Amino acid sequence: MQRLSPRLKMAADMVREGAVAADIGTDHAYLPVFLVMSGKCPRVLATDIGAGPLCNAKSAVLNFSAADKIELRISDGLDKISPDDADDFIFAGMGGTLTAAILSRAPWIKDEAKRFIFQPMSHPEEVRAFLIKNGFKIVYENACFDLCRPYIAFCAEYSPFEAAERKDSYIYLGELFRCKNDAAAYHFTKTYKHLKNRADALEYAGLLPDEVRYIRGVLPDLKPYTKI
Ligand SMILES: C[S@@+](CC[C@H](N)C(=O)[O-])C[C@H]1O[C@@H](n2cnc3c(N)ncnc32)[C@H](O)[C@@H]1O
C-alpha cells in the first residue's frame, strides 16, 4: 500500500467512501494512487495545468498499475472538467487565491451532490469567503503537522437553504475552531499574529482605516483559539 504524507492523508480522509474523485493540480498523483489502491474510490480523475506534472503523475500511475482506474487530463482548474466527471473534487497544495479563482469560473459546482475538499497552502480565508458568498456550507475542518509545519484542510458542500449569517471572523475561523489539536492552535496563532502586524503597520502608516477597523474587529474572536 502506498503511504501518504499526513497533509495529503488529511485531505484523503475527507473524500467520501465509494466516491469518484477528481484531484485538481495533482502533480505526482500520490493522492489518486492512494485513493484507488486503498479501495476508497473506484476511479479518480487526476488533472494538472502542466504537462510536466502530468508526466510525474503518469509514472506513478504506471508504477502502481492503476491506469484502468486513474484518468490523467490537462486542465486549467475545472475548465476541462464537467460535473459528470466526479463526485468529490480535491484542491490540495494550491494557494487559496488561485483556488477561489478556479471555483469562480465553474458555476456548475453549485450542486448539492458534490463535495469539495480544500487543503490550501495560503489564504484559506479567500476560499471560505467564496464558499459562504456562494451558498456552500463547510462540513468539517482539520489540521495536522507534516514535517513540523501546520496544515489545514476542509470540505464543503453546496447547501443554499442552510446559509447562516456569519460574523466577519468566520472566514478566518471556519469550522477549524472546533478542532482542538496543536496544529489548529498553531495555525490560528500564525494567522492572529499576521493580522495584528498588518493592522499595526497600516495604523502606523495612517493607511486603509476601514481594513484596520475590520481586522481589529476580527482579532478578539481568533484569540481564544491561539496560544497567545
Ligand atoms: C504544489 S503542487 C501540489 C500537488 C499535490 N496536489 C499536493 O498537494 O501535493 C501544485 C500543482 O498544482 C498545479 N496547478 C497550478 N495551477 C493550476 C491550475 N490553474 N489548474 C490545475 N493545476 C494547477 C501545478 O502545476 C502543480 O502541479
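**A walk from the sheet to the ligand**

Start with helix 5 (residues 124–133), which lies across strand 5 (115–119), strand 6 and strand 7 (149–158) and runs at about 10° to strand 7. Contact here means heavy atoms within 4.5 Å, and the angle, on a scale from 0 to 180 degrees, is taken between N-to-C directions of axes fitted to C-alpha atoms, for helices over the stretch in contact. Helices (H or I, at least four residues) and strands (E, at least two) are DSSP runs numbered from the N terminus. Bear in mind that this is a predicted model, where local features need pLDDT of at least 70 and side-chain atom pairs count only at pLDDT 80 or more, while totals for chains, interfaces and linings use all residues. Residues are numbered from 1 along each chain as its sequence is written, and side-chain values use heavy atoms, with hydrogens and water left out.

Now the sheet itself. Its seven strands make an open, mixed arrangement in the order 3-2-1-4-5-7-6, with pairing called when DSSP finds at least two bridges between two strands. Strand 3 (70–74) and strand 6 (136–146) sit at the edges with a single partner strand each, so one side of each has no neighbour in the sheet. On average, neighbouring strands are turned by 20° against each other, direction ignored.

Strand 1 (residues 21–24) and strand 4 (residues 88–92) run parallel, joined by four bridges; Ala21 has Asp88 as its bridge partner in strand 4. Strands 6 and 7 are antiparallel instead, paired over 10 bridges, with Ile138 opposite Ala156 in strand 7. Their hairpin has two residues between the strands, and Leu147 takes a positive phi near 50° there.

On to the ligand. It is surrounded by 17 residues, the closest being Arg7, Gly25, Asp48, Asp76 and Gly77; a residue is near if one of its heavy atoms lies within 4 Å. Helix 1 (6–12) and helix 4 (96–104) each supply at least two residues of this shell. For polar contacts (pairs of N or O atoms within 3.5 Å), a polar side-chain atom of Arg7 lies 2.7 Å from a ligand oxygen. A ligand nitrogen is 2.8 Å from a side-chain N or O atom of Asp76, and a ligand nitrogen is 2.9 Å from a polar backbone atom of Ala92. Taken alone the ligand exposes 600 Å², of which the protein buries 79%, by the Shrake-Rupley method with a 1.4 Å probe.

Conventions: Polar contact = N/O pair within 3.5 Å; in protein donor to acceptor, adjacent residues only side chain to side chain.
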